[in-house]
Amino acid sequence: MVQIDFIGRFSSGDLSSECEDVDPKDLPPAARPQPPLQQQPMPGGPPNIPPPPAPGTAGSVSPGGPVPPGSAPPTGGPELSLSFGKGPAQRGTSAPSSPAKSRESLLQRVQSLTGAARDQGASIIGAAVSTASRVQPFNRDKCFTLLVVDDQNTDWSKYFRGKRLHSDYDIRVEQAEFREIMLTASADSGPMVGCNRAGSKQVKPFRPDFILVRQPPRDGSKDYRSTLLGLKYGGVPSINSLHSLYQFQDKPWVFAHLLQLQRRLGRDAFPLVEQTFFPNPKDMVSAERAGEQ
């Protein structure tokens, strides 16, 4: 490299005029003016910069166009593109969902969970009820038969279910009303009872070992004293006793026995409400008229 120092002041005009008068060939090679360089494309593009792909090739991406499948998107920097025409959907940030839709989805999820819990609870309760209401089998060879005289408003079998006597004898419960009981009694074998329940096509007779009476033997115009007599004839034990049930059917009969206790113990020790007995209503009316006269 040749360094040329020019001493003195000069202007651009002096240089231009001097350069025009001097022949370039007379100047040393280092001072000869160089012809202007023509810019030529460098093969491979500028250093450290990959050459741009030619238009129409697989690697070219047109501005605003979709990215061809299998090729990586350009990494020149973040670009913002808006597409208003018909074409493949562009990936971008999705808009936030509205509060109404979020509330509806949450409500549907809660309703589905509540419905599942309700169905599961109903199935558990149904299984428990069916298990509790299922009649447990009993040993017919080793069991005692309990006859309960009562209506169907009370299920007495559930109070004796699973209970045993003498540690290995089951309790078989037969429940019926007085009007449903048919019996025959024998001095040797005892009573044979059959229950003619509504809807039953076949009556299976059985021999009761004990009787629990929870219904009065007389109900208005209906009298079932014959059933009490048949059970007493067969000698079946009961609660209350058949004797007490038969004795307490008529209130005058009961009061007559109370009067016997009063005469024996005294009025002060055994007081009673004073009463008057009339055989029929006509005698009561005639007695009142006689007292008024």
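Here are some worked exercises on a predicted model.

**Exercise 1. The sheet**

Work out the order in which the five strands of the open sheet line up, and which strands sit at its edges.

*Solution.* Start with the order, which reads S2-S3-S1-S6-S9, with mixed pairing. Next, look for strands that pair on one side only: these are strand S2 (164-165) and strand S9 (238-239), the edge strands.

Now walk across the sheet, one pair at a time.

- S2 and S3 run antiparallel and are joined by two bridges. Here Leu165 has Tyr169 in S3 as its bridge partner.
- S3 and S1 run parallel, with seven bridges joining them. Two places to look are Phe144, which stands opposite Ile171 in S3, and Leu146, which stands opposite Val173 in S3.
- S1 pairs with strand S6 (residues 210-213) in the parallel sense, over four bridges. Leu147 has Ile211 in S6 as its bridge partner.
- S6 and S9 are parallel too, joined by two bridges. Ile211 turns up again here, with Ser238 in S9 as its bridge partner.

One general reminder while you trace these: strands of a sheet pair through backbone hydrogen bonds, either parallel or antiparallel.

**Exercise 2. The hairpin**

Find how many residues lie between S2 and S3 in their hairpin, and which turn residue has a positive phi.

*Solution.* Go to the link between the two strands: three residues lie between them. Then check the backbone angles in that turn, where His166 has a positive phi of about 55°. Finish by following the chain into S3, a mostly covered strand in which six of the eight residues are buried.

**Exercise 3. Aromatic pairs**

Classify the ring pairs Phe144 with Tyr169 and Trp156 with Tyr159 as stacked, tilted or edge-to-face.

*Solution.* A search of the whole structure turns up three aromatic pairs, and we'll take two of them here.

First pair: the ring centres of Phe144 and Tyr169 are 5.1 Å apart and the planes meet at 35°, so this pair is tilted. As for where the partners sit, Phe144 is in strand S1 (residues 143-149) and Tyr169 is in strand S3 (residues 169-176), so to speak distant parts of the chain, 25 residues apart. Then check exposure: Phe144 has 28% relative accessibility and counts as partly exposed, and Tyr169, with a relative accessible area of 28%, is partly exposed.

Second pair: the centres of Trp156 and Tyr159 lie 5.7 Å apart with planes at 55°, so this one is tilted as well. Trp156 is buried, at 17% relative accessible area, while Tyr159 is partly exposed at 47%.

One last look at Tyr169: the charged end of Lys142 sits over its ring, 5.4 Å from the centre.

**Exercise 4. Cysteines**

Decide whether Cys143 and Cys195 are buried or exposed, and count the disulfides in the structure.

*Solution.* The cut-off for buried is under 20% relative accessible area. Cys143 has 15% relative accessibility, so it counts as buried. Cys195 has 5%, so it counts as buried too. For the disulfides, the search of the whole structure finds zero.

**Exercise 5. Nonpolar cores**

Name the residues that touch the most other members of the largest nonpolar core, and the elements that each supply at least two of its residues.

*Solution.* This core has 16 residues, and the ones touching the most other members are Leu147, Val149, Phe178, Ile181, Ile211 and Val213. The elements that each supply at least two residues are S1, strand S5 (190-195), S6, helix H4 (225-234) and helix H5 (242-247).

Now zoom in on Phe178. Leaving out residues up to four places away in sequence, Phe178 touches Val149, Val213, Gln215, Pro216, Pro217, Tyr224, Thr227 and Leu228.

Apart from the largest core lies another one, of five residues, including Val148, Trp156, Ile171 and Leu212.

**Exercise 6. Phe210**

Which residues is Phe210 in contact with, leaving aside its neighbours within four places in sequence?

*Solution.* Begin by placing Phe210: it is in strand S6. Its relative accessibility is 30%, so Phe210 counts as partly exposed. Then list the contacts: Thr145, Leu146, Leu147, Val236, Pro237, Ser238 and Ile239. To round this off, take the C-alpha atoms of Phe210 and Gly235: they are separated by 9.9 Å, with the two residues 25 apart along the chain.

Conventions:
Residues are numbered from 1 along each chain as its sequence is written. This is a predicted model: local features need pLDDT of at least 70, side-chain atom pairs count only at pLDDT 80 or more; totals for chains, interfaces and linings use all residues. Side-chain values use heavy atoms; hydrogens and water are left out. Rings of Phe, Tyr and Trp (its six-membered ring) pair if their centres lie within 6.5 Å; planes under 30 degrees apart count as stacked, over 60 as edge-to-face and the rest as tilted. Buried means under 20% relative accessible area, exposed over 50%, partly exposed in between (1.4 Å probe, protein chains only). A charge sits over a ring if NZ of Lys or CZ of Arg is within 6 Å of the ring centre and within 35 degrees of the ring normal. A disulfide is a pair of cysteine sulfur atoms within 2.5 Å. Two strands pair if DSSP finds at least two bridges between them. A nonpolar core is a set of buried Ala, Val, Leu, Ile, Met, Phe, Trp, Tyr and Cys residues joined through side-chain atoms within 4.5 Å. Contact means heavy atoms within 4.5 Å.
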